[in-house]
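Welcome, and please have a look at the fold shown here. This report walks through its core, its aromatic rings, its salt bridges and one patch of its surface.

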Amino acid sequence: ERKRILLDHLYGVDIDPQAVEVTKLSLLLRVLEGETGETLGGQMRLLQERALPDLEHNIQCGNSLIGPESTLGRQSTFGELDASAAYRINAFDWKSAFPSVMARGGFDAIIGNPPYIRIQALKEWAPLEVEFYKQRYRSASKGNYDIYVVFVERCLELLGPQGRLGFILPHKFFNAQYGQALREMISAGRHLAEVIHFGDQQVFDQATTYTCLMFLEKAGTPSLHFTKVHDLAAWRREKAGMTGDIPAERVTPSEWNFVVSKGADLFERLQAMPVKLGDVADIFVG
């Protein structure tokens, strides 16, 4: 049985509808890589299917975080916004776009690379959305958050009962104050299944970001499988890194400083000490 998979979601401002068609064409070209007339003919005879899938209902364009039924502020709704504002916000209706998936309770898998945008930058061109996120999402309720934490919360809501989420995203929320609300949600449901932490290794060639791979399970998991990567090239070749399992009860709303393998016992004892450096000193710049 084919899984219901949300391949990706597009997020942006004034996205040209042609972008959806370009995305469809790009995916179809990838499907054809390595194929020949012989292999395609064999597939069509064996499966009685067309060579290329129909992507008409797979690729969608809209703001994943705002639905058409949502309110912006106390009085305004999308129906009351002027045409230019409504076009820019581009509310997305998940129920009408994926009716069978939503009727079953949500997606089996969500895979993505959410946008990394600090709230200060977002306020400049999307003030209505910023206020809405603050009211709608727990992860945006306090502090100067980054928009990727809101995507994690929203996609957790979109997962089916046995669904699984995989994101590449900054690991700053592990320790930042603005990440506490999201850490609370993840730890309360024991959703954190696996983390591949890249530390200061740079995954993206043309951007300086400090990222991790994070996998969540909607139904919860008894333990976290944690990998710390010190050599990105070696990890890409042979998945080299320090790995270990951490019981789910040790994943709490407090800052996430996971340590496995050598030094883990010492780090746990240091964490258990009642007096921390912050209790006796003022750390102005970390």
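Let us begin with C212, which is buried, with a relative accessible area of 0%. Here buried means under 20% relative accessible area, exposed means over 50%, and partly exposed is in between, with a 1.4 Å probe and protein chains only. C155 is buried too, with a relative accessible area of 2%. A search of the whole structure finds zero disulfides, a disulfide being a pair of cysteine sulfur atoms within 2.5 Å.

A word on how to read all this: the model is predicted, so local features need pLDDT of at least 70 and side-chain atom pairs count only at pLDDT 80 or more, while totals for chains, interfaces and linings use all residues. Residues are numbered from 1 along each chain as its sequence is written, and side-chain values use heavy atoms, with hydrogens and water left out.

**The inside**

Which residues have the most contacts inside the largest nonpolar core? They are Y133, Y145, F173, L192 and M214, in a core of 52 residues. A nonpolar core is a set of buried Ala, Val, Leu, Ile, Met, Phe, Trp, Tyr and Cys residues joined through side-chain atoms within 4.5 Å. Helix α8 (residues 147-158) gives the largest share of this core, nine residues. Helices (H or I, at least four residues) and strands (E, at least two) are DSSP runs, numbered from the N terminus. Another core lies apart from the largest one and has eight residues, among them I168, V203, V229 and W235.

**The aromatic rings**

Rings come next. The whole structure holds 16 aromatic pairs. Rings of Phe, Tyr and Trp (its six-membered ring) pair if their centres lie within 6.5 Å; planes under 30 degrees apart count as stacked, over 60 as edge-to-face and the rest as tilted. In one pair, the ring centres of F92 and W94 are 4.8 Å apart and the planes stand at 85°, so this pair is edge-to-face. F92 counts as buried at 9% relative accessibility, and W94 counts as buried at 6%.

F173 and W256 also form an edge-to-face pair, with 5.7 Å from centre to centre and 65° between the planes. This pair links distant parts of the chain, 83 residues apart: F173 is in the loop between β5 (159-170) and α9 (180-188), and W256 is in the loop between β9 (242-247) and α11. F173 is buried at 0% relative accessibility, and W256 is buried with a relative accessible area of 3%. Both rings also belong to a cluster in which ring pairs link Y116, Y148, F173, F174, F226, W256 and F258.

**The salt bridges**

Charged side chains meet as well. A salt bridge is a side-chain nitrogen of Lys or Arg within 4 Å of a carboxyl oxygen of Asp or Glu, and the count comes to seven salt bridges. Three of them are set out here.

| Salt bridge | Closest N to O distance |
|---|---|
| E184 and R138 | 3.6 Å |
| E194 and R164 | 3.9 Å |
| E249 and R190 | 4.0 Å |

What does the bridge between E184 and R138 tie together? E184 lies in helix α9 and R138 in the loop between α7 (127-136) and α8, so the pair joins parts that are 46 residues apart in sequence. E184 is partly exposed, with a relative accessible area of 30%, and R138 is partly exposed at 45%.

E194 lies in strand β6 (residues 192-197) and R164 in strand β5, so their bridge ties together parts that are 30 residues apart in sequence. E194 is partly exposed, with a relative accessible area of 21%, and R164 counts as partly exposed at 30%.

The bridge between E249 and R190 links distant parts of the chain, 59 residues apart: E249 is in the loop between β9 and α11, and R190 is in the loop between α9 and β6. Is E249 buried or exposed? At 51% relative accessibility, E249 counts as exposed, whereas R190 is partly exposed at 40%. Elsewhere, R136, R154 and E157 are linked in a network of salt bridges.

**A patch on the surface**

Our last stop is on the outside. V275, L277, V280 and I283 make a nonpolar surface patch of about 420 Å². Patches are made of residues with over 30% relative accessible area and no salt bridge, with like charges joined within 9 Å and nonpolar side chains (Val, Leu, Ile, Met, Phe, Trp, Tyr) within 5 Å. Accessible areas come from the Shrake-Rupley method with a 1.4 Å probe; for residues, only the protein chains shown count as cover. V275 is found in the loop between α11 (264-272) and α12 (277-280), and V275 is exposed, with a relative accessible area of 53%.
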